[in-house]
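Q: Could you take me on a close walk through a single part of this model, the open sheet, and then show me what lies beyond it? I would enjoy one connected account.

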Amino acid sequence: WLFKWTNYLKGYQRRWFVLSNGLLSYYRTQAEMAHTCRGTINLSTAHIDTEDSCNIVLSNGGRTYHLKANSEVERQRWVTALELAKAKAIRMRNNQSDDSGDEEPASQSDKSELHGTLKTLSSKLEDLSTCNDLIAKHGAALQRSLSELENLKLPAESGEKIKAVNERATLFRITSNAMINACRDFLDLAETHSRKWQRALQHEREQRIRLEETIEQLAKQHNSLERACRGAPGLSSTSTGIASTTKGSVQSAKGEASDEDEETEYFDAMEDAPTFITVTADPKHHRRSGSNLSGASEGHPEDWNLEDSVFESSNQSSYNESTCKDLLPKKRRRTRIPDKPNYSLNLWSIMKNCIGKELSKIPMPVNFNEPLSMLQRLTEDLEYHELLDKAVKCESSTEQMCFVAAFSVSSYSTTVHRTAKPFNPLLGETYELDRLEELGFRSLCEQVSHHPPAAAHHVYSKRGWTLWQEITIASKFRGKYLSIMPLGAIHLEFHSSGNHYVWRKVTSTVHNIIVGKLWIDQSGEIEIVNHKSKDKCQLKFTPYSYFSRDVPRKVTGVVSDADGKAHYVMSGTWDEKMECSKIVQSSHGSTSTEGKQKTVYQTLSPKVLWKKYPLPENAENMYFFSDLALTLNEPEERVAPTDSRLRPDQRLMESGRWDEANVEKQRLEEKQRAVRRRREAEAVEALEEGKDYEGYIPLWFERKVDAVTGELICVYKGGYWEAKDKQDWTMCPDIF
């Protein structure tokens, strides 16, 4: 029994916990073990921390358990058991991943082992059947002998004893018969299940062979299509791309865009967003009759005109940002990188062993990558940072929420063509983007965990805001598509108002992994909450559907205050622009076919909050990088020796030397695996000696329980920029 934190109303509640096979599960009662599990956490990818003498904190991605033991001794017993179970689970997982290339021999050995087990079982069952026959035979002989003794003329005392023995023999015969019947039933049941297991095993083997043959055939078709496409005269790459995209879109329309990984739980999912209709009102009419508007959701059109200065500046900025930037004194940044080389790749040799595995477990060549790390892609979210600079100037918290919502959508604008995979950062790898003098902010990322891969990010702006997050990427390859699920919350705080916003990212899906042109889609819902004012914004990313009449990549949402009163309607697309319309009146409309009542919002004309910058010239040959992305891997002096810019395989890939980059990538990954194995051995040794083992400790971040979400999150502890000023990097590990 342990006590588990549930919520602020109920506090800690007594729960029954079971630790087995690297999994910690809990139930309300012991009786629930037979039918209802309340939750499970995988220790192989979990962080184990202790808060005080009796508390334990377990976190895995977006899930956190706060547990309390009855005493410090009991707490220590649990921590020791959890650490041992975690170490064992990690070893088992690593052994499984190391042996992933030997699947065929392993399956053969499993097959022979299974047949051996079945043969032994059959032999034992035959022995049991023979024993049953012997018991029946000897029991009958004993009964006959006793009957003969009873018929002899013996003294009275002997007769009584023989009668007693006869009764015991009768009981023995009854018991033996019952055992014989039970053994016969067991024998029949075992034979039936043995046949059933063999049929199931044969079916699974045939399914696997059929799947491998199908994927191999698809890969061959893909290669022949590529060769035919390259050999077709007069066919431009543009028309080919359009045709492939259209074909891929049609194929994906049959439900693929909304498929979700059945093994993944989404903790940030909301209920279905309310269906609504937006009607644009006449501003002149509402100026005359604004005082006559009724209902709890009425607004004041005059406010919209007063706020035009902020919204109009946003609109102008979206179109003329590049011109404004040129007026500022800044360092000259590069505007191009070497063109992407045209390398052919045998997909089948890589894909046939990847189905159903975690993406981080698959050894990928750089052919699938782009020359940026995941830390740099995370930093790329700041491309439209000026939206937050404008949000600082907003006096209304709901108006400020509109800019924050536009910023949360803008981070997806660069992904529409970016189907390549960023480099997985090495443990301890960092990336800084110091644009304090040019753009007013400085950003720092660090890879704080490798299993699961997690990156911590901190941004400070002298223009009045701070952003921080810890993101864990969960991904699954499903043969036809790749699902990428970012886990973790994004925090944004404005210095002057103290408004603290929290939201989470949606699911990204890459389609046509094997055959056809790759394309990416964003789907799901984002709930942005201002934890100071309790304002909310619910954004819905509509998945692509061939049969839908909606605009592709559509995003819609409503900004409401703490009382649930709607103030603004957000609309647009995640790859182009976001607009905001002020609500002047709301009413209930007709009921939809699904039985939901639609809300009709009467709004003023929309204002453009954000518009995507055009891509630079020749972007299609430079991995479709934006202006900011082109500068992210530009060599800079005075950065930490762990900075992503200094990663050799990434630098070789950017230069077009992919073969050398693949060799260097394997060297770095093997070096990291050796360090991991050494750390695991130290952990096991410390646990066996009864000592505490801290494991890997991030250099610039520290783990704390977030006061808002209650999750364990890595936050910036300071020291990096001071170390950069002194050029003192002695504490940095040697990872490259």
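A: Happy to. One definition first: two strands count as paired when DSSP finds at least two bridges between them. By that rule, strand 6 and strand 7 (residues 63–68) are an antiparallel pair, joined over six bridges. Please keep in mind that this is a predicted model.

Let's stay with this pair for a moment. Ile56 stands opposite Leu67 of strand 7. The hairpin of strand 6 and strand 7 has two residues between the strands, and Gly61 there takes a positive phi near 65°.

On its other partner, strand 6 runs antiparallel to strand 5, and three bridges join them. Within that pairing, Asp49 has Val57 of strand 6 as its bridge partner. Here too a hairpin makes the link, with five residues leading from strand 5 to strand 6.

How well is strand 6 covered? Six of the six residues of strand 6 (residues 55–60) are buried, so the strand is largely enclosed by the rest of the structure. In a regular strand, side chains alternate between the two faces of the sheet. Both faces of strand 6 are covered: Asn55, Val57 and Ser59 are buried on one side, and Ile56, Leu58 and Asn60 are buried on the other.

Now let's step back to the whole sheet. It is an open sheet of seven strands in the order 4-3-2-1-7-6-5, with antiparallel pairing. Strand 4 (39–42) and strand 5 (47–49) stand at its edges with a single partner strand each, so one side of each has no neighbour in the sheet. On average, neighbouring strands of this sheet are turned by 30° against each other, direction ignored.

Toward the strand 4 end of the order, we meet another pair to look at. Strand 2 (residues 11–20) pairs with strand 3 (residues 23–27) in the antiparallel sense, over five bridges. One of the matched positions there is Leu19, whose bridge partner in strand 3 is Leu24.

Two cysteines deserve a short stop. Cys37 is partly exposed, at 39% relative accessible area, whereas Cys54 is buried, at 17%. A disulfide is a covalent bond between the sulfur atoms of two cysteines. The structure holds zero disulfides.

Next come the nonpolar cores. The largest has 69 residues, and those with the most contacts inside it are Trp465, Leu492, Trp503, Ile528, Leu539, Phe541 and Met570. Helix 11 (residues 397–410) supplies the largest share of this core, eight residues. Apart from that core lies another, of 17 residues, among them Phe17, Tyr65, Leu67 and Ala85. Leu67 is a residue we have already met, as the one opposite Ile56.

Back in the largest core, Trp465 is worth a look. Leaving aside neighbours within four places in sequence, its contacts include Leu382, Leu388, Val392, Phe441, Val459 and Leu492, and also His385, Asp389, Glu493 and His495.

Let's finish at Ser443, which is found in strand 12 (residues 441–450). Ser443 is buried, with a relative accessible area of 0%. Its side chain makes a polar contact with the side chain of His457, at 2.8 Å. Beyond neighbours within four places in sequence, Ser443 is in contact with residues including Thr379, Tyr431, Glu432, Leu433, His458 and Trp721. Leu382 and Val459 are also among the contacts of Ser443, and both appear among those of Trp465 too.

Technical notes:
Residues numbered from 1 in each chain as written. Predicted model: local features only at pLDDT ≥ 70, side-chain atom pairs only at ≥ 80, totals over all residues. Heavy atoms only, no water. Helix = DSSP H or I, 4+ residues; strand = E, 2+ residues; numbered from the N terminus. Axes fitted to C-alpha atoms, helices over the stretch in contact; angles between N-to-C directions. Disulfide = S-S within 2.5 Å. Buried < 20%, exposed > 50% of the residue type's maximum accessible area, 1.4 Å probe, protein only. Core = buried A, V, L, I, M, F, W, Y, C linked by side-chain atoms within 4.5 Å. Contact = heavy atoms within 4.5 Å. Polar contact = N/O pair within 3.5 Å; in protein donor to acceptor, adjacent residues only side chain to side chain.
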